[in-house]
Amino acid sequence: MAKYEIQGGKPLNGEVTISGAKNAVVAILPAAILVSGKCRIENVPNISDVRILLDILADMGVQITHEGGGTIVLDSTGVTKLNPNPELVRKMRASYYLMGALLSRFGQANVALPGGCNFASRPIDQHLKGFRALGAEVEETSDYVNLRPGVNGLHGNRVSLDVVSVGATANIIMAATLLPGQTIIENAAKEPHIVDLANFLNTMGARISGAGTDTVKIRGVEHLHGGTYAVIPDQIEAGTYLAAVAAAGGNVLVKNVIPKHMDCITSKLSEMGAKITNYDDCIRIESTGRLHQTTVKTRPYPGFPTDMQAQICVCMALASGTSRLTESVYETRFFGYCEELQDMGADILINGKTAIVTGTEDLHGTEVIARDLRAGAALVIAGLAAKGTTIVNNIHFVERGYENIIQKLTALGADIIRRDD
Ligand code: EPU
């Protein structure tokens, strides 16, 4: 099994360029099923979740051309298969977007329940509630979801989400795009990747407004046409590099970011003592002395993202004083990495939804196991900051969401290698 070996304690210096956003592209690629014609998608990261999704789409009959440099052309004209390969679907979470896309274009879908990082119970009841509101008959078994038109056919409708859900918001947007009438999603998620999906679909002729607010309106259109679209930079990848520099020290220009998307993260890092300078599309971080304690509560956007919980926890573990980290999206997420950080010398006490983190001057390297994508990223950061050698196992989780992580970190002066033994 592949692993990373990190010799820690070296500051990071130089420049790193952020890739396209994983959670945007994993929605946009299935959304290409809605398009009659070729869509050229730029800034697509080469990560394993994208490769799995492309395999699923190719198997369904989507013509895929790699133009190089992160540009992919998808042509969904010839899609015939409405039951995507279940083995591939179960390898990732975002395959649930195939449900909304197939329902909208073909009026039916038969999709296995998704897999992906299982750091918590991750229900999809709100997605199904939305499909039902749009007139679908939903049959759910222990491992499949079958969708077809109900007695009154498929049509736009009002859907009020019981919880703010990124996946449900994006899935309902896709499902409503080609249906007659207007759909209004209330209590919608506002994450940048929701806006990016809506911008992609609008570029192809959809009529979606309000994305980025808690009310999204979709006026159904008969068809979408081809076009070109560039995926936004990855807010969480950028946040991970910023946290790495904050924890390990150094001076790095993080390029290809949208600073506004980063405010919730950079404001915390600067509160902890890192110096942050925003430019138009890049951010410089300088971290010299010891970080200070802080308080963080994860929330849906524009709050501090749950996908940065583990990375900021490493910064807290090295800060002076006692920090409080409260998780309000996925309560069990701490269990993916806190024990591993404790093995590296961190002082973390978990009390329900809150981790009390008392900073220590040094973490020390040891052998650890990544249990999900962001937990794995946090262990890499801990390894970069720690004294001695850290071995991170199960790195397939990390490679789900971080393009060229070894090359990017090595260019910053990190001593990290990938071992395939
Ligand atoms: N929820 C429900 N019912 C649903 C859907 C969600 O109760 O039908 C609850 C969840 O249990 C959770 C909350 O609502 O407590 C938010 O879940 P959400 O649906 O927003 O999560 P998701 O769509 O499954 C996406 C990202 C995650 C990220 C979360 C929260 C993708 C593919 N995944 O998941 O990303 O943590 O939103 O922002 O977009 C990651 O990148 O590492 C990752 C896990």
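## The ligand and its shell

Ala, Val, Leu, Ile, Met, Phe, Trp, Tyr, Cys and Pro count here as nonpolar, Asp, Glu, Lys and Arg as charged, and the others, Gly among them, as polar. With that in hand, the shell around the ligand in this predicted model divides into 12 nonpolar, seven polar and seven charged residues.

In total, 26 residues surround the ligand. Gln-126, Ser-165, Val-166, Asp-307 and Val-329 are the closest of them. Four helices each bring at least two residues to this shell: α1 (22–31), α5 (125–133), α6 (166–177) and α12 (373–385).

## Polar atoms facing the ligand

Let's look at some individual atom pairs. On the side-chain side, Arg-374 places a polar atom 2.7 Å from an oxygen atom of the ligand, and Asn-23 has a polar side-chain atom 3.1 Å from a ligand oxygen. Gly-167 takes part through its backbone, where a polar atom is 2.8 Å from an oxygen atom of the ligand. The ligand on its own would expose 820 Å², and the protein buries 89% of that area.

## The largest pocket

Where does the ligand sit? Its place is the largest pocket, which holds about 1000 Å³ of space. Of the 45 residues lining this pocket, Arg-122, Val-166, Gly-167, Val-329 and Tyr-330 are the closest to its centre. Val-166 and Val-329 may look familiar, as both are also among the closest residues to the ligand.

The helices that each give at least two residues to the lining of the largest pocket are α1, α5, α6, α8 (235–248) and α12. By class, that lining is made of 21 nonpolar, 12 polar and 12 charged residues.

## The second largest pocket

A further pocket is worth a visit. The second largest one has a volume of about 320 Å³, and 19 residues line it. Closest to its centre are Ala-247, Ala-248, Gly-249, Glu-361 and Ala-385.

Which elements give two or more residues to this lining? They are α8 and α12, two helices that also each supply at least two residues to the lining of the largest pocket. In the second largest pocket, α8 gives the most, with three residues. The classes here come to 10 nonpolar, five polar and four charged residues.

Technical notes: Residues numbered from 1 in each chain as written. Predicted model: local features only at pLDDT ≥ 70, side-chain atom pairs only at ≥ 80, totals over all residues. Heavy atoms only, no water. Near = heavy atom within 4 Å. Polar contact = N/O pair within 3.5 Å; in protein donor to acceptor, adjacent residues only side chain to side chain. Areas by Shrake-Rupley, 256 points an atom, 1.4 Å probe, with all protein chains shown as cover. 1 Å grid on protein atoms, 1.4 Å probe; cavity = no way out; pocket = protein on both sides within 12 Å on 5 of 7 lines; lining within 4 Å. Sits in = over half its atoms within 2 Å of the grid points. Points joined across faces, edges and corners; volume = space filled by probe spheres on them.
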